[in-house]
Amino acid sequence: MPEEMKRWPAPLVAALVVQTIAGLVWAGGAAARIGALESAMAEQRAVIERLARLEAQGEGLQAALARIEARLGE
């Protein structure tokens, strides 16, 4: 039998199978964590947009208050 056709030892094959399974489990866990982080980022984006609108409204209220105070001071 040629050299390439020799059988691989069973412990080596078992180790490769176990390591492959462990790698796939780890990759699945990492994908789940990344998905959770992406959804958290999407929620934060909505909060940031709302905060920006509230800041703009606050600036508008401050400008209106300044105009009212200027008229009252006349």
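A nonpolar surface patch of about 660 Å² is formed by W8, L12, V13, L16, V17, I21 and V25. Such a patch joins nonpolar side chains (Val, Leu, Ile, Met, Phe, Trp, Tyr) within 5 Å, from residues with over 30% relative accessible area and no salt bridge, that is, no side-chain nitrogen of Lys or Arg within 4 Å of a carboxyl oxygen of Asp or Glu. Areas follow the Shrake-Rupley method with a 1.4 Å probe. The model is predicted, so local features need pLDDT of at least 70 and side-chain atom pairs 80 or more, while totals for chains, interfaces and linings use all residues. Residues are numbered from 1 along each chain, and side-chain values use heavy atoms, without hydrogens and water.

One member of the patch, V17, lies in helix α1, residues 10–73. With 43% relative accessibility, V17 counts as partly exposed (between buried, under 20%, and exposed, over 50%).

What, then, does the whole chain look like? The chain has one helix and zero strands (DSSP runs of at least four and at least two residues, respectively). Its radius of gyration, taken over C-alpha atoms, is 32 Å, well over the 11 Å from the globule rule for 74 residues, so the chain is more spread out than a compact globule; that rule is 2.2 Å times the number of residues to the power 0.38. Buried residues make up 1% of the chain.

Key:
Patch = residues over 30% accessible without salt bridge, like charges linked within 9 Å, V, L, I, M, F, W, Y side chains within 5 Å. Buried < 20%, exposed > 50% of the residue type's maximum accessible area, 1.4 Å probe, protein only.
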